[in-house]
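Hi,

Here's the structure I promised to pass along. Have a look at it first, and my notes follow underneath.

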Amino acid sequence: MATRWQRPERDDRVLPATRWVSIAIIPFLVVAFAVLVPWPTDTGRLFAWDIEPTLTPMILGSVYLGGAYFFLRAARAQRWHTVKGGFIPVGTFATLMGIATIAHWDKFLHSKPAFWLWAGLYFTTPLLIFWVWSINRRRNAPVADSELLVPAGTSRIIAIAGGMSLLTSAFLFLAPGAAADIWPWAVTPLTSQVLGAIFALGIAGLGAPLDRRWTSARTLLQVAALMLALSIVAGVRASSELDPGNPLTWLLTAGFAAVLAAIIVLYVRMQGRQARAAEPVPQG
């Protein structure tokens, strides 16, 4: 065991604290998904505040299910580097959600248990997420020569996509009034900032060139694909709420579909390379 004078062993281990925090968060996310996606018109009765139109709660619910899947993988992970890339984005998302809650306190339904669960989650989760990341990151193992790497060009493209997501996040969160004027469906200052927090999850892509291990990217790509697929389904369900005359409607739709398709193609190719690398070399 490491003492205060020793560096922790870089054994790539997932610490018990990381597992327990992950397990504790999962039920909240699953319940939120189960409310927001099946009953997006009933948020005033079932959720922490009344969210309109229905596309926003369905997208938020899609993110929650993706988050639940991520924390399930984190709770079961054997190697820290396979999930490490998701903690900073999730901590940033939770921090922004907490700030938005304080900024729009009067918009929430304070008498409902759902609100106190919401407030408790977003006033504690950022601290817990950044804490487990800070203690577990010291266990991170360096890249081994034998590990399969994502091509350098591909990792740079992922980073560019992450940067674009971050810029979108900043616009939605810092300029909600301007966002409301151009966004392809109706948003309020609160829902604009919630969407900004969601787009902040894309910063996970910024780390792609720093750790090109396929095993570092795999879980994050699974989470992103799940969120994108569910968000596209939400857009189809709420198509009447989208402004067909707004170019952003088609830009976002095409962008989400293109990113999802690119993730699927990359995933299939990298998994194929991994399988071929694991095949035994024929003996002559």
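L230 sits in helix 9, which covers residues 214-237. Keep in mind that this is a predicted model. With a relative accessibility of 24%, L230 counts as partly exposed, because the buried class stops under 20%. Setting aside neighbours within four places in sequence, L230 touches S62 and L65. G120 is 110 residues away from L230 along the chain, and 26 Å separates their C-alpha atoms.

S169 belongs to helix 6 (residues 152-174). Its relative accessibility is 4%, so S169 counts as buried. What does the side chain of S169 have by way of polar company? One of its polar atoms lies 2.6 Å from the backbone oxygen of G196. G196 also turns up in the contact list of S169, along with L96, F199 and A200, again leaving aside neighbours within four places in sequence.

Then there's helix 5, residues 113-136. Its 24 residues at 1.5 Å each should span 34 Å, and the end C-alpha atoms are 33 Å apart, so the two values agree. Helix 5 does have a kink, though: about 35° at T125, shortly before the proline P126. Both T125 and P126 are buried. Other buried residues of helix 5 include F115, W118, A119, L121 and Y122, as well as I129, V132, I135 and N136. What do the buried residues of helix 5 pack against? Their partners are helix 1 (16-36), helix 3 (55-76) and helix 4 (87-103).

Cheers

Methods. Residues are numbered from 1 along each chain as its sequence is written. This is a predicted model: local features need pLDDT of at least 70, side-chain atom pairs count only at pLDDT 80 or more; totals for chains, interfaces and linings use all residues. Side-chain values use heavy atoms; hydrogens and water are left out. Helices (H or I, at least four residues) and strands (E, at least two) are DSSP runs, numbered from the N terminus. The expected span of a helix is 1.5 Å times one less than its number of residues. The bend at a residue is the angle between axes fitted to the seven residues ending there and the seven starting there. Buried means under 20% relative accessible area, exposed over 50%, partly exposed in between (1.4 Å probe, protein chains only). Contact means heavy atoms within 4.5 Å. A polar contact is a pair of N or O atoms within 3.5 Å; within protein, one must be able to donate a hydrogen and the other to accept it, and residues adjacent in sequence count only if both atoms are side-chain atoms.
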